[in-house]
Amino acid sequence: MEPSDIPGGRKTRNRVKINRHLPISPYLTASSESYFILTDSSGHLPVKLTTHVIPLGPPYDADPCGQPSFVPDKYWSQRYSLFSRYDEGILMDQESWYSVTHEAVAQVIAQTCAHLNYILDGFAGVGGNAIQFAERSHVVAIEIDKKKADYMRKNAKVYGVQQKIKVIRGDFFEKAEEVGPVDAVFLSPPWGGPDYQEAAVFSMLDMVNPPLGPTLELCAKLTRTVFLYMPRNIDPTELLELLNYLPNFPRRAEIQLYYFGNKVKTIGVIIGQAVQLDICKVAEAVMAQGIQSCVIDQLFEEFGSELLVETALINAMETSGIEECLSIRAS
Ligand code: MGP
Ligand code: SAH
């Protein structure tokens, strides 16, 4: 550990970056749960959009006492939002201050995955997500950086969940296959630092490092569910391209918007088996966006029961007043 990582270490003033409201995709402006269908030549993807208002928790605290020199005021004042037990011995290095997942967001993510027994956190940092997963599930946490892996072990002890996290220090690309099959892989990889905000649109395939394509290809060998933690300026239509790397995954996704006040701070993207879709709402989205026979064929394939899909489509047809749906299916 370096002296500057220790709470109470050296301190000088840091410049505060101005808070900006990044424009976000028009797909991602829901005020409550909604559904839409993404479509391109490769196929269709029903997406459930959910909103999560993050409770503000302890007030931001700008008291500089104990602030390490390398920590900007903006992040220091949010320390109890990052880890509510910050004062009980939480350790973070420089990169972690801007990349750790706020505790209340990590709780929403872990709650979404609470029915999954065994989760692999592939880029686990100092444990912001892994600790919350471990409150509900068994976790294997891979982290390439030795210092962060050591800090994660200590942070897990602060939360009393050290027995439920197996920390592996190493490269995701070398260690993941050793872990074997898991119920889900959680990925919160580096986004290239705070400069992700400079891009009007953050490309998940081009701007994540290590590149997301090969990461997903490896995930597809281990699981049928991935959970991505992403910036708020992603383009949701890129999900169709991500699916090319997940050939055997069920084509279904959920996008979670994490609201801090009226601002979407970050986004969760779940793809695959663990996504629970309401077929009636999918059918309504199909109607609202215009009907294509291939979308309907895919629904029948995806949801298995013909009766279930037909009933949902008939209901949606009645609600929307559109009548061509089943005749397209019949033709
Ligand atoms: P932020 O850059 O502090 O955004 O990141 P904010 O506060 O909206 O910035 P502002 O200038 O608009 O006020 C917000 C959150 O995104 C962080 O708390 C982290 O949870 C997450 N985050 C940020 N970065 C740069 C990364 C990253 O590189 N990787 C991961 N996994 N998460 C990140
Ligand atoms: N969710 C974490 C933060 C993750 S930040 C938290 O809340 O604490 C992304 C992390 O990925 C960084 O800690 C970085 O060291 C790690 N990382 C980068 N490349 C990696 C690789 N190839 N294998 C494993 N970890 C990697």
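Reader: What makes the nine strands an open sheet, and in what order do they lie?

Author: In this predicted model, the strands follow the order β1-β2-β8-β9-β7-β6-β3-β4-β5, and their pairing is mixed. The sheet has two edge strands, β1 (34-40) and β5 (165-169), and each of these pairs on one side only. From one strand to the next, the twist averages 20°.

Reader: How do you know that β4 and β5 pair?

Author: Two strands pair if there are at least two bridges between them. Strand β4 (residues 138-143) is joined to β5 by five bridges, so the criterion is met. The two strands run parallel. Within this pairing, valine 140 has lysine 166 of β5 as its bridge partner.

Reader: What makes helix α7 a helix that packs on the sheet?

Author: Contact means heavy atoms within 4.5 Å. Helix α7 (residues 172-179) touches β3 (118-121), β4, β5 and β6 (184-187). The direction of α7 makes about 155° with that of β4.

Reader: Which strands does helix α9 touch?

Author: Helix α9 (residues 212-220) packs on the sheet by touching β6 and β7 (225-231). Its direction makes about 160° with that of β6.

Reader: Why is the pair formed by serine 188 and ligand 2 called a polar contact?

Author: A polar contact is a pair of N or O atoms within 3.5 Å. A side-chain N or O atom of serine 188 is 2.8 Å from a nitrogen atom of ligand 2, so the pair qualifies. A backbone N or O atom of isoleucine 144 lies 3.3 Å from a nitrogen atom of the ligand, and therefore this pair qualifies too.

Reader: How much of ligand 2 does the protein bury?

Author: Taken alone, ligand 2 exposes 580 Å², and the protein buries 93% of that.

Reader: Which residues surround ligand 2?

Author: There are 20 residues around ligand 2, of which Asn129, Glu143, Asp171, Phe172 and Ser188 come nearest. By class, the shell has eight nonpolar, nine polar and three charged residues.

Reader: What is notable about the peptide bond from asparagine 209 to proline 210?

Author: Most peptide bonds are trans. The bond from asparagine 209 to proline 210 is cis, with omega near 10°. Proline 210 is in the loop between α8 (204-207) and α9.

Note on methods. Residues are numbered from 1 along each chain as its sequence is written. Chains are lettered from A and ligands numbered from 1 in the order in which they are written. This is a predicted model: local features need pLDDT of at least 70, side-chain atom pairs count only at pLDDT 80 or more; totals for chains, interfaces and linings use all residues. Side-chain values use heavy atoms; hydrogens and water are left out. Helices (H or I, at least four residues) and strands (E, at least two) are DSSP runs, numbered from the N terminus. Axes are lines fitted to C-alpha atoms, for helices over the stretch in contact, and angles run from 0 to 180 degrees between N-to-C directions. A residue is near a molecule or strand if one of its heavy atoms lies within 4 Å of it. A polar contact is a pair of N or O atoms within 3.5 Å; within protein, one must be able to donate a hydrogen and the other to accept it, and residues adjacent in sequence count only if both atoms are side-chain atoms. Accessible areas come from the Shrake-Rupley method with a 1.4 Å probe; for residues, only the protein chains shown count as cover. Ala, Val, Leu, Ile, Met, Phe, Trp, Tyr, Cys and Pro count as nonpolar, Asp, Glu, Lys and Arg as charged, and the others, Gly among them, as polar.
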